[in-house]
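Trainee: I would like to go through some labels in this model and see what each one rests on. Where should we start?

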Amino acid sequence: MEPKAIHDQGGVRAVRDCIKALIVVVLLGYALVWIMIPTNTYRKDWQVKIRAKTNNSTFLGSQGANTLLFTSPMLFVAVLGCVYIHLGKKLGNTTIPANSESKLKQRLAQWKRPALVKGPLGIVSAVELAFLGMFASLLIWSLYTYLHNGFGRITPESLAKSGEKRWEAKLEVTGLRLGLLGNVCLALLFYPVARGSSILGVFGLTSESSIKYHIWLGHVMMAIFTAHGLCYVIYWTATHELHEMLSWETRGVANVPGELALIAGLILWACTLPRIRRRMFELFFYTHYLYILFMFFFILHVGIGYATIMLPGFYLFLVDRYIRFLQSRGRVRLAAARVLPCDTIELNFAKNPAVSYTPTSTIFVNVPSISRLQWHPFTISSSSSLEAERLSVVIKSEGSWTQKLNQILSSPASIDRLEVSVEGPYGPATTNFLKHDMLVMVSGGSGLTPFISITRELIAASAKGCKTPKVLLLCAFKTSSQLAMLDLLLPQASSAELSNLDIQIEAYVTRQKEPATQGSKQIRTVWLKPNAMDAPISASLGRNSWLWLAVIISSSFLMFLILLGIVTQYHIYPIDHNTNRIYSTTWKALLNILLICASIVITASGVFLWNKRSAARESNQIQSMEGSSPAVSPNSGWHCNADKEMESLPQQSLDQCTNVHYGERPDLKRLLPEIKEWNVGVLACGPKKLRHEVATICSSGLADNLHFESISFTW
């Protein structure tokens, strides 16, 4: 690498370090505010001073303080995160070798090891356990402080004035404080489910890996809100005020919207039980849309002034959700499908060469002929470094939706075209596979899929002369027909070889003691005709997607503030004068919801359409330069004999590095500790039992060179 390039990369890294440091400082300040909220210091001192400077303005009105303290900082962090990830894209996937990493980073790596393996939380690292402990401490601290201060205001004089019994007054205080406590969970609930989240990306997280945080927060939040509602029902019953359940105050807390929000949340919560989610996934999927009613009625319940405390996470989710909606309206070009003999298919989409993604990324697929509403996530098996104009996913027939898709593509009748829409791709901003001396990938059944993309990425890196780690692939299959999935390690009709990659494949067939005597079925390719209405998969926000996302977040929020300022100054303030006693709280909340949605729709639509036209121009230029048909370019490897699955040399090299064991399972307790390389990355994907076994071995302390990473998709 030239000195100038090294100097430029050093400058980019320095800028990224400064941005990350600023993000950490802002987040620490944000956390400090949440710690102080329950205290009298915040309520009687900080809040009073801040409101005196913000809430008296005619621009934002009574919601100015919470907007300044809670909404603005997190949106600022999201914008900084977009810039941080964009600069990281310039550096590429280059990583520092593990033996040259600082001692601090090596110690942090130790914290990423599994601390808990078995239990209701699943596999939890020491870092996750530490943050979980801090969050639990925040909840306990908040509840204790809320109740201590609230009970302290219950005096004989206040009881004589209200005519309540002491236990009734304490019950009311407890109900109110539980509602405030649930807001802590709600404020964080939507961050893990924003698939294109820059905040997650800054810390090396993805929505797939963070979905468990959303599950934890959801369970805790609904338990607290349910207790909040029960406290008030018991209180109203004891004080003979059940009519309060039908009260809809227009200038304060409205009870009816709160009850509607709780009912919607309870239905959604009940359908997330593992038994229902696994056996009736469609019920789980459709009831999850009740989050719209939950958030809508929650805002009407507490008012927009207080809801701005929980707004930033939901605001970023709305931006992400609307961008996904825009992308999902188009139809993508499905060029071919490979039908494997083990009820598995590989879908091959045409994609814009400018679209890049990292291994283990996912896309969400919708087939309108099966269901217009269902979107299913699948791991991408291709590599953007190796296949510039193709994106592939592997789908195992395990549910009704996938079985119908398999039947359509496996039917003898020829298929001209299959309408498909996608959202994504989504995945980690960077990968660290190259920093290891050796990669051990342990899979069970269709858990092989993410390792296909990793293997192809390593093949591309080795072809470029990059130093790649040794690879040991341990894969377990039930029957020998599933061995056909190993053929997907190499892309179809490609000259890619394994000769430059030091890889060993150990395949285990658990339910057969010997190879099948009958002739095995061959992989069959179904070629689909192009359609002028279909387009290659393109990034929803173009090449500089993270910068455009920063533009959408900042410009939409700025537009919202301007519109809100105009409405407040010329309509709300002349009526209410920031007293919150005259103008309807309900109508103010509805107005804010309308302004937020309008701002996001206008800015995101403008950016999306601009980049869509740019992508169309790039696609037309590429086709005209290559002289290709509207389907694909002749150089892309799409035009080949449908009966020819692979070149003979790559197939031979794949067979030479593969050992098949029949009637046994991999002895992981023996194989993993025997690995002597200094830094070994261990990746596991497959059934929960398999992942837990690998995690237990890596966290046992018997082998300090094993660094575990679970790959699990629990959407």
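Mentor: This is a predicted model. Start with the second largest cavity, which has a volume of about 110 Å³.

Trainee: How many cavities of 30 Å³ or more does the structure hold?

Mentor: There are three cavities of 30 Å³ or more. For the second largest, 13 residues make up the lining, and Ala-194, Gly-196, Ser-197, Ser-198 and Leu-316 lie nearest its centre. Helix H8 (198-202), helix H15 (311-328) and H18 each give two or more residues to that lining. H15 gives the most, with three residues.

Trainee: How do the lining residues of the second largest cavity divide into nonpolar, polar and charged?

Mentor: Nine are nonpolar, three polar and one charged. Gly counts as polar by definition, so Gly-196, which lies among the residues nearest the centre, is not a nonpolar one.

Trainee: Why is Asn-679 called buried?

Mentor: Its relative accessible area is 5%. Buried means under 20%, so Asn-679 meets the cut-off. Asn-679 lies in the loop between helix H21 (668-671) and strand S14 (680-685).

Trainee: How far apart are Asn-679 and Leu-439 in sequence and in space?

Mentor: They are 240 residues apart in sequence and 8.8 Å apart in space, C-alpha to C-alpha.

Trainee: What makes Leu-558, Ile-562, Leu-563, Ile-566 and Tyr-570 a nonpolar patch?

Mentor: Patch residues have over 30% relative accessible area, and nonpolar side chains are joined within 5 Å. These five residues form such a patch on the surface, with about 510 Å² of accessible area together. Leu-558, one of them, is found in helix H18 (residues 545-576).

Methods: Residues are numbered from 1 along each chain as its sequence is written. This is a predicted model: local features need pLDDT of at least 70, side-chain atom pairs count only at pLDDT 80 or more; totals for chains, interfaces and linings use all residues. Side-chain values use heavy atoms; hydrogens and water are left out. Patches are made of residues with over 30% relative accessible area and no salt bridge: like charges are joined within 9 Å, nonpolar side chains (Val, Leu, Ile, Met, Phe, Trp, Tyr) within 5 Å. Accessible areas come from the Shrake-Rupley method with a 1.4 Å probe; for residues, only the protein chains shown count as cover. A salt bridge is a side-chain nitrogen of Lys or Arg within 4 Å of a carboxyl oxygen of Asp or Glu. Helices (H or I, at least four residues) and strands (E, at least two) are DSSP runs, numbered from the N terminus. On a 1 Å grid over the protein atoms alone, a cavity is a set of points where a 1.4 Å probe fits but cannot get out, and a pocket is an open set with protein on both sides within 12 Å along at least five of seven lines; lining residues have an atom within 4 Å of a point. Grid points are joined across faces, edges and corners, and a volume is the space filled by probe spheres set on the points. Buried means under 20% relative accessible area, exposed over 50%, partly exposed in between (1.4 Å probe, protein chains only).
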